[in-house]
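This briefing sets out selected structural features for a reader working at the bench. Please keep the sequence and the model in view while reading.

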Amino acid sequence: MGKQIKIAPSLLSADFAHLADDVRKCEQGGADLLHCDIMDGHFVPNITVGPLIVRAIKPLTKLPLNCHLMISEPEKYIEDFVKAGADYISVHVECQNHLHRTLSLIKSFNIKAGIAINPVTPLNYAFDAAEYCDFILLMSVNPGFGGQKFIKSVLKKCEILSNFLETNKLDNVDIEIDGGIKIENVADIVSAGANMLVSGSGIFDGDVVSNIKQLRANAENVK
Ligand code: DX5
Ligand code: ZN
């Protein structure tokens, strides 16, 4: 029995003028998590939202908030995001000198801790950090924007990570793939070992409810 498929709509592609409506549509579609893309215009060439939006969304939904911190010095803001209502927090390995300390800090708040790894950042970080993670996010686009093309070389990376987790009895660690996931390619991504599937434009471009249902159907018939 493989890992449970978790569909995580990325709100970066949602209608920010009607966010509450889009959160409701995600629930109607049966999403498992809401993916909140936090960007500071420094770690990535774009600025989005911070703890404020997490605080605003929290009372709207029972869905866990999966906060992806694409920011420099994320360790400074962990407590703010926890207080705002984050249930999952991932930090990028590329901006961390003290990853174990940051992961311990996240877990000290009894929420899920993860690392995020950019498309061609070596997977080695994951091998040493995995035992301290609840999930590992592999970026399949260059972070900063929605609507980009899936980078196919990440499939191989995902397979290697999946095998590593299984061999080392770390099957409880979820593999989150983030960027360029569509109804058409989700089966290949699940076949490579991913189970947490982030999709922004693949869900919000068009009918949110049916896109989520179709993504899940295509993902689950691989299992
Ligand atoms: C990009 C974000 C992704 C992105 C996914 O930096 O981390 O979560 O919003 O959007 P799509 O699915 O459109 O690539
Ligand atoms: Zn993301």
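The points below are grouped by topic, covering enclosed spaces, an open pocket, a central strand pairing and several individual residues.

The structure is a predicted model. It holds 2 cavities of 30 Å³ or more. The largest cavity contains about 200 Å³ of space, and the second largest cavity contains about 70 Å³.

**Largest cavity**

- The lining of the largest cavity consists of 24 residues, and those nearest its centre are Val141, Phe145, Gly146, Asp178 and Gly179.
- Two or more lining residues come from each of strand E2 (34-39), strand E3 (65-70), strand E8 (196-199) and helix H8 (201-204).
- By class, this lining comprises 9 nonpolar, 12 polar and 3 charged residues.

**Second largest cavity**

- The residues that line the second largest cavity are Leu11, Leu12, Phe16, Leu19, Cys36, Asp37, Thr48, Val49, Ile53 and Ile57.
- Strand E2 and helix H2 (51-57) each contribute at least two residues to this lining.
- The class division here is 8 nonpolar, 1 polar and 1 charged.

**Second largest pocket**

- The volume of the second largest pocket is about 160 Å³.
- Its lining is formed by Gln148, Lys149, Phe150, Lys152, Leu155, Gly180, Lys182, Glu184, Asn185, Asp188 and Ile189.
- Of the residues in this lining, 3 are nonpolar, 3 are polar and 5 are charged.

**Strand E2 and its pairing with E3**

- Strand E2 is mostly covered, with 6 of its 6 residues buried.
- Leu34, Cys36 and Ile38 point one way from E2, whereas His35, Asp37 and Met39 point the other way; residues of both sets are buried.
- E2 pairs with E3 in the parallel sense, and 6 bridges join the two strands.
- Within this pairing, histidine 35 has asparagine 66 of E3 as its bridge partner.
- Between the two strands the chain passes through H2, and the resulting β-α-β crossover is right-handed.
- Two residues of E2, Cys36 and Asp37, are also among those lining the second largest cavity.

**Residues with positive phi**

- Most residues other than glycine have a negative phi.
- Glutamate 73, which is not a glycine, has a positive phi of about 50 degrees.
- Glutamate 73 lies in the loop between E3 and helix H3 (78-84).
- The relative accessible area of glutamate 73 is 39%, so the residue is classed as partly exposed.
- Lysine 169 is likewise not a glycine and has a positive phi of about 50 degrees.
- The loop that holds lysine 169 runs between helix H6 (153-167) and strand E7 (174-178).
- Lysine 169 counts as exposed because its relative accessibility is 71%, and the cut-off for this class is over 50%.

**Serine 201**

- Serine 201 is located in helix H8, an element that gives two or more residues to the lining of the largest cavity.
- With a relative accessible area of 13%, serine 201 is buried, since the cut-off for that class is under 20%.
- Apart from neighbours within four places in sequence, serine 201 is in contact with Ser13, Gly147 and Lys182.
- One of these contact residues, Lys182, also appears in the lining of the second largest pocket.

Conventions:
Residues are numbered from 1 along each chain as its sequence is written. Chains are lettered from A and ligands numbered from 1 in the order in which they are written. This is a predicted model: local features need pLDDT of at least 70, side-chain atom pairs count only at pLDDT 80 or more; totals for chains, interfaces and linings use all residues. Side-chain values use heavy atoms; hydrogens and water are left out. On a 1 Å grid over the protein atoms alone, a cavity is a set of points where a 1.4 Å probe fits but cannot get out, and a pocket is an open set with protein on both sides within 12 Å along at least five of seven lines; lining residues have an atom within 4 Å of a point. Grid points are joined across faces, edges and corners, and a volume is the space filled by probe spheres set on the points. Helices (H or I, at least four residues) and strands (E, at least two) are DSSP runs, numbered from the N terminus. Ala, Val, Leu, Ile, Met, Phe, Trp, Tyr, Cys and Pro count as nonpolar, Asp, Glu, Lys and Arg as charged, and the others, Gly among them, as polar. Buried means under 20% relative accessible area, exposed over 50%, partly exposed in between (1.4 Å probe, protein chains only). Two strands pair if DSSP finds at least two bridges between them. A crossover is right-handed if, with the strands pointing away from the viewer, the path from the first strand over the helix to the second runs clockwise. Contact means heavy atoms within 4.5 Å.
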